[in-house]
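Me: I would like to learn how to read the features of a structure like this one. Could you walk me through it step by step?

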Amino acid sequence: MKSDYDVIVVGAGPAGSVAAATAARQGLDVLLIEKRQEIGEPVRCAEGMIKSGLDRFVEYDPKWVCARINSGRIYAPNGKSLYFHQLDTAGYVIDRNVFDRSLAKAAADEGSEVQVKTQATGLIIENGIVKGINGICMGRNFEARAKVVIGADGIESKIGRWAGLLEPLRLKDVESCAEFVVAGIDIDPECLEFYIGNRISPGGYVWIFPKGKNEANIGLGMLADRYNGIHPIDYLKKYVDSRFPEGRIIQSISGAVPVCDLSYRLSTAGLMLAGDGGRLVDPLLGAGIMNAMVSGRLAGNIAANAIKGGDVSAKALERYDMGIHSSIGKAIRRNYHVKEFIVNCSDWQINLVIAAIKKLRVEDIPISELFIEVTTSGLPLLKVARMVV
Ligand SMILES: Cc1cc2nc3c(=O)[nH]c(=O)nc-3n(C[C@H](O)[C@H](O)[C@H](O)COP(=O)(O)OP(=O)(O)OC[C@H]3O[C@@H](n4cnc5c(N)ncnc54)[C@H](O)[C@@H]3O)c2cc1C
């Protein structure tokens, strides 16, 4: 490893790999570091992705596709459901392990130096400007300098805190998740299922994402401030035991998703935060892979422009914040308010909301268009919900 780079990217998830590939493609000298031994491992994700979003970043590769999805069903606590479908593929359940590795390989193919088992342990900050990182690589301490550091270090992001940009997350802004991979079950292999309700998952939802014919990622998220002595894994076990008594749990994971508002800076002199490292997850759906790639690409481009222009000041990198706010930021802010509303509804209020949405005939909208509506601008979910409750 050298001691000087144009860009150092911390974390080789989707945000970091896309950021590194984007910057390296523009001729920059890029180091991408990952603290784990293997990129993509362990998978802490339900692995659902919308097709139209993926198409913007990668070419379809059957290697990372577990299931093609053409429908979705959202269940209210009373068992009534909204059903969305379309004839062609709307999304995928992917294999994150293979997917994340292929993104990291693309970063390497563009010329990035990729180092695994290499952890950032601190930032080098001089006169208020981030100048590089301190780290540990295969047990040895090192110091590496860069004109720009991109913090793509996931939900446990320390880069954001070391830079003074992020405060610890409030419990009400974290979904605490548990997930099993369950085999030997009878499910619709092309349909995503969502179950909302405070009894099965307080302040969150249960998901069933098929990974093929008889296998699925089954998980749930609950708001961390709703913890009442019962852990997410206990809720999940209860759900899986009653719904799929024949199922065999072949993997169990836990993780967390930030579901907060976007009310903080994502950049400072010499530094930008991308993906979960900048808490750029859709707070309503808990989906973050796409936002990770969008923000990674933007960070890579802004880094390249700033370095070529010889100005990595806080003012120059503020363009990153503006880019995020005018793209995915709008949906994050709006969906934060929708989430705040829904998590404070009782089960019978949720029943009313689902019934009212059903009356809007949203089921007639193709699922991919609906997803784009929900995650960008259109569907006035909050308005509908407020009218009903
Ligand atoms: C249970 C669960 C289910 C989910 N399901 C979905 C879903 O179906 N669809 C969806 O879109 N999103 C889902 N998400 C969210 C999604 O997984 C994340 O939003 C996404 O992984 C964010 O990508 P990222 O690159 O920002 O961060 P990550 O994928 O978390 O990558 C960050 C990387 O940084 C590394 N790192 C951390 N600190 C350091 C350090 N100091 N030095 C070096 N490396 C470091 C980590 O090891 C990690 O590899 C889910 C999340 C959870 C927990």
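Me: Let's begin with the ligand. How many residues surround the ligand, and which are the closest?

Reply: This is a predicted model, and in it 39 residues surround the ligand. The closest are Gly11, Gly13, Gly154, Gly275 and Gly288.

Me: Which elements give two or more residues to that shell?

Reply: There are helices and strands on the list: helix 1 (14–25) and helix 6, together with strand 3, strand 9 (118–126), strand 12 (174–183) and strand 16 (248–258). Sorted by class, the shell around the ligand has 18 nonpolar, 12 polar and nine charged residues.

Me: Helix 1 and helix 6 are both on that list. How do I read their packing?

Reply: Start with the axes and the angle between them. The axes of helix 1 and helix 6 come within 7 Å and cross at roughly 30°. An angle under 35 degrees counts as roughly parallel, and helix 1 and helix 6 are therefore roughly parallel to each other. The handedness comes next: their crossing is right-handed.

Me: Which residues of helix 1 and helix 6 meet?

Reply: From helix 1, Pro14, Ala15, Gly16, Val18, Ala19, Thr22 and Ala23 take part. Their counterparts in helix 6 include Ile289, Ala292, Met293, Gly296, Gly300 and Ala304. By class, this contact of helix 1 with helix 6 divides into 11 nonpolar, six polar and one charged residues.

Me: Helix 6 also meets helix 7. Are helix 6 and helix 7 roughly parallel or roughly antiparallel?

Reply: Use the same recipe. The axes of helix 6 (residues 289–308) and helix 7 (residues 314–343) come within 10 Å and cross at roughly 150°. Angles over 145 degrees count as roughly antiparallel, and helix 6 and helix 7 are therefore roughly antiparallel to each other. Helix 6 passes helix 7 in a right-handed crossing. On the helix 6 side the contact is made by Asn291, Val294, Ser295, Leu298, Ala299, Ile302 and Ala306. On the helix 7 side, the residues include Ala316, Leu317, Arg319, Tyr320 and Gly323. In this contact of helix 6 with helix 7, 10 residues are nonpolar, four are polar and one is charged.

Me: Now the sheets. How do I read an order such as 6-5-13-14-15-12-16?

Reply: Read it as a walk across the sheet from strand to strand. Here it describes an open sheet of seven strands, and the pairing is mixed. Strand 6 (81–85) and strand 16 stand at the edges with a single partner strand each, so one side of each is left without a neighbour in the sheet. Ignoring direction, neighbouring strands of this sheet are turned by 15° against each other on average.

Me: Where does the mixed pairing show up around strand 5?

Reply: Look at its two partners. Strand 5 (residues 71–75) pairs with strand 6 in the antiparallel sense over five bridges, whereas with strand 13 (residues 191–196) strand 5 pairs in the parallel sense, also over five bridges. Tyr75 is a handy residue to follow: Tyr75 stands opposite Ser81 in strand 6, and its bridge partner in strand 13 is Tyr195. Strand 5 and strand 6 also form a hairpin with five residues between them, and Gly79 in the turn has a positive phi of about 90°.

Me: How many bridges join strand 12 to strand 15?

Reply: Nine bridges join strand 12 to strand 15 (residues 215–223), and these strands run antiparallel. To place one of the pairs, find Cys177, whose bridge partner in strand 15 is Gly221.

Me: What is the order of the sheet of three strands?

Reply: The order is 3-7-4 in an open sheet, and the pairing is antiparallel. Strand 3 (48–50) and strand 4 (65–69) are the edge strands, each pairing on one side only. The twist averages 25° from one strand to the next. Three bridges join strand 3 to strand 7 (residues 91–94), and Gly48 stands opposite Val93 in strand 7.

Me: Last topic: which backbone values deserve a second look?

Reply: Most residues other than glycine have a negative phi, and most peptide bonds are trans. Against that background, Lys117 has a positive phi near 55°; Lys117 is found in the loop between strand 8 (113–115) and strand 9. The peptide bond from Glu41 to Pro42 is cis, with omega near -10°. Pro42 lies in the loop between strand 2 (30–33) and strand 3.

Note on methods:
Residues are numbered from 1 along each chain as its sequence is written. This is a predicted model: local features need pLDDT of at least 70, side-chain atom pairs count only at pLDDT 80 or more; totals for chains, interfaces and linings use all residues. Axes are lines fitted to C-alpha atoms, for helices over the stretch in contact, and angles run from 0 to 180 degrees between N-to-C directions. Helices (H or I, at least four residues) and strands (E, at least two) are DSSP runs, numbered from the N terminus. Angles under 35 degrees count as roughly parallel, over 145 as roughly antiparallel, 65 to 115 as roughly perpendicular and the rest as oblique. A crossing is left-handed if the near helix is turned anticlockwise from the far one by less than a right angle, and right-handed if clockwise. Two residues are in contact if their C-beta atoms, placed from the backbone, lie within 7 Å. Ala, Val, Leu, Ile, Met, Phe, Trp, Tyr, Cys and Pro count as nonpolar, Asp, Glu, Lys and Arg as charged, and the others, Gly among them, as polar. Two strands pair if DSSP finds at least two bridges between them. A residue is near a molecule or strand if its C-beta atom, placed from the backbone, lies within 6 Å of it.
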